[in-house]
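Here is a short briefing to read alongside the sequence and the 3D view. Keep both open as you go through the points.

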Amino acid sequence: MLKRAISAALAAVTLAVSSAGAQNAPAAQIPQTPRAAAPIDLTGNWVAVVTEEWRWRMMTPPKGDYISVPLSDEGRRVADTWEPAKDGACQAYGAGGIMWLPTRLQIAWADDRTLKVDADAGTQTRRLAFDGATDPGPPSLQGRSLAAWEPIGGAPVMRNGVRIAAGAPQGGALKVVTTNLREGWLRRNGIAYSESTTITEYWDRVLFPNGDAWLIVTSILSDSRYLLSDYTRSAHFKLEPDGSKWHPTPCRQL
């Protein structure tokens with residue numbers, strides 16, 4: 001009887017301790033959505049500021065103008081099939097070319113896991129999805145863009161001149177990797193990238209002392225078919241107060 005009483009008492013104490021622990025345990029953390037976790041705000045109305053390579057961006061270059069593009073022999077052959085009558089074709093407004101054109105962007109959250117980027121040049125829409133489980137669908141001009149926030153660390157923690165810990169994140173950037181593309185053009189004169197292309201972009205928001213906000217998109221385009229090496233370039237956009245200058249212009253389907 002005594003053993004049975006002691007066992008019952010121990011069981012009661014164990015249950016009471018377990019219950020108290022469960023009540024005092026911290027609630028499980030619910031992961032933030034990409035929208036809630038965003039370290040920078042990319043939404044708003046942006047206008048391209050063309051300060052470099054003006055002659056290849058503001059105007060359609062002549063046929064055969066390949067300067068600064070590391071084309072392979074096959075890439076040159078394809079580019080040489082272009083004719084001026086094709087100017088304005090939608091191939092120039094795919095993910096590999098649209099950010100480089102003189103355009104305006106409207107960026108907004110389509111939902112908590114997708115950024116929608118509308119461009120008035122060619123009336124194009126890019127969707128930057130943080131959910132890799134989405135169906136990529138057939139190849140398209142804008143392809144499939146998978147996005148992820150990348151933290152930017154602060155100054156490292158030092159002790160006696162020795163780095164003892166990494167610095168806490170002081171902001172972040174957006175990394176976007178685009179695949180599943182249809183063939184498109186790097187320039188409006190038919191310099192092409194192939195369907196095997198991968199585009200890796202880094203989107204950074206910079207605030208200047210005068211209050212101006214800028215968006216810098218650095219693009220690294222890899223195409224083993226038409227290019228001899230990666231093709232890297234950066235586009236700059238300035239935040240506008242509203243969308244009053246928004247003027248969508250469709251491209252031409254060939």
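**A surface patch and what surrounds it**

Trp54, Met58 and Met59 come together as a nonpolar patch on the surface, and their combined accessible area is about 300 Å². Please keep in mind that this is a predicted model. The protein has 254 residues, and it contains three helices and 15 strands.

**Confidence**

- Averaged over the protein, the pLDDT is 87, and 82% of the residues reach 70 or more.
- Residues 1–22 are a stretch to read with care: their pLDDT is below 50. Beyond near neighbours in sequence, this stretch makes zero contacts in the model.

**The patch and helix α2**

- Trp54 of the nonpolar patch sits in helix α2, which covers residues 54–57.
- Is Trp54 buried, partly exposed or exposed? Its relative accessibility is 46%, so Trp54 counts as partly exposed.
- Helix α2 also holds Arg55, which takes part in a salt bridge described below.

**Salt bridges**

- How many salt bridges does a search of the whole structure find? The search finds nine, and three of them are worth a visit here, beginning with the pair that involves helix α2.
- Arg55 and Asp65 form a salt bridge in which the closest N and O atoms are 2.9 Å apart. This pair links distant parts of the chain, with Arg55 in helix α2 and Asp65 in the loop between α2 and α3 (73–79), 10 residues apart.
- The two partners can be described by their accessibility: Arg55 is partly exposed, with a relative accessible area of 42%, whereas Asp65 has 7% relative accessibility and therefore counts as buried.
- Glu74 and Arg77 form another salt bridge, with 2.8 Å between the closest N and O atoms. Both residues belong to helix α3, where they are three residues apart, about one turn of the helix.
- Glu74 is partly exposed because its relative accessible area is 27%. Arg77 also counts as partly exposed, at 46% relative accessibility.
- Lys116 and Asp118 form a salt bridge too, and their closest N and O atoms are 2.7 Å apart.
- Lys116 has 24% relative accessibility and counts as partly exposed. Asp118 is at 14%, under the 20% cut-off, so Asp118 counts as buried.

**Strand pairing around β14**

- Which strands pair with β14? Strand β1 is one of them, and strand β13 is another.
- Strand β1 (residues 44–48) runs antiparallel to strand β14 (residues 231–240), and four bridges join the two. In this pairing, Val47 stands opposite Lys238 of β14.
- Strand β13 (residues 213–222) pairs with β14 in the antiparallel sense as well, over eight bridges. Here Val217 stands opposite Ala235 of β14.

**The protein as a whole**

- Of the 254 residues, 37% are buried; Asp65 and Asp118 are among them.
- Among contacts with a separation of 6 or more, 61% are between residues 24 or more positions apart.
- The accessible surface of the protein comes to about 14000 Å², and carbon and sulfur atoms account for 56% of it.

Conventions. Residues numbered from 1 in each chain as written. Predicted model: local features only at pLDDT ≥ 70, side-chain atom pairs only at ≥ 80, totals over all residues. Heavy atoms only, no water. pLDDT = per-residue confidence, 0-100. Contact = heavy atoms within 4.5 Å. Patch = residues over 30% accessible without salt bridge, like charges linked within 9 Å, V, L, I, M, F, W, Y side chains within 5 Å. Areas by Shrake-Rupley, 256 points an atom, 1.4 Å probe, with all protein chains shown as cover. Salt bridge = Lys/Arg side-chain N within 4 Å of Asp/Glu carboxyl O. Buried < 20%, exposed > 50% of the residue type's maximum accessible area, 1.4 Å probe, protein only. Pairing = 2+ DSSP bridges.
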